Each structure stands twice: as C-alpha cells, then as structure tokens.
Amino acid sequence: MAKVTVSLDAELVVEVMVLAGVNNPQDAVELVVRDYIERGHRTEARVVARDEGLREVDVKPREPEG
C-alpha cells in the first residue's frame, strides 16, 4: 500500500493518541481514519436499508377505504 506523509499539529496528535489509547502517533491517526471510513460505510448501509424499506411500502397495493 502506498504511504502518505501529512503534517499535523502536535497537540491534535497527542489528543488522538490519548483518546485512542496508543503510544504511536502513526497508529493513532490511522485508527481515527479507519474508524471514520467504517462509520461512513455503516451510515451508507443504514440509508440504503431505509430507502429499500420505503420502496417496499410504496409497492404494496393500498387497501380499499370504506
């Protein structure tokens, strides 16, 4: 996998390290990025499931009203 070098504010990285519970700045930032990506995928899956549920409601024939 290709590597990218990014400069970040030291205080920001230390905060991430503390929150992630790791001692390596590289690992801490990588964990945050991976979590962000996974959260995006989970959100996409929920939206797709919700949209499919709405389509199923629209497809069902309406019952005659009396």
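In this predicted model, R39 forms a salt bridge with D35, and the closest N and O atoms of the two are 3.1 Å apart; the term salt bridge stands for a side-chain nitrogen of Lys or Arg within 4 Å of a carboxyl oxygen of Asp or Glu. Side chains of opposite charge can pair when their charged atoms come close. Both R39 and D35 belong to helix α2, where they lie 4 residues apart, about one turn of the helix. R39 is partly exposed because its relative accessible area is 48%, and D35, at 34%, counts as partly exposed too, given that buried means under 20% relative accessible area, exposed over 50%, and partly exposed in between (1.4 Å probe, protein chains only).

The structure holds 2 salt bridges, and R34 and E30 also meet through their side chains in a salt bridge, with 3.0 Å from N to O. R34 and E30 again lie in helix α2, 4 residues apart, about one turn of the helix. With relative accessible areas of 44% for R34 and 31% for E30, each of these residues is partly exposed.

E30 leads on to the largest pocket, since E30 is among the lining residues nearest the centre of that pocket, together with V4, Q26, V29 and V33. A pocket is found on a 1 Å grid over the protein atoms alone, as an open set of points where a 1.4 Å probe fits, with protein on both sides within 12 Å along at least five of seven lines, and lining residues have an atom within 4 Å of a point. The lining has 15 residues, and helix α2 (residues 25–59) gives the most to it, with 7 residues; helices here are DSSP runs (H or I, at least four residues), and strands are runs of E with at least two.

V4, which also lines the pocket, is placed in the segment before α1 (10–20). V4 counts as exposed because its relative accessibility is 69%.

Taken as a whole, the protein chain has 2 helices and 0 strands, and buried residues make up 8% of its 66 residues.

Residues are numbered from 1 along each chain as its sequence is written. Because the model is predicted, local features need pLDDT of at least 70 and side-chain atom pairs count only at pLDDT 80 or more, while totals for chains, interfaces and linings use all residues, and side-chain values use heavy atoms, with hydrogens and water left out.
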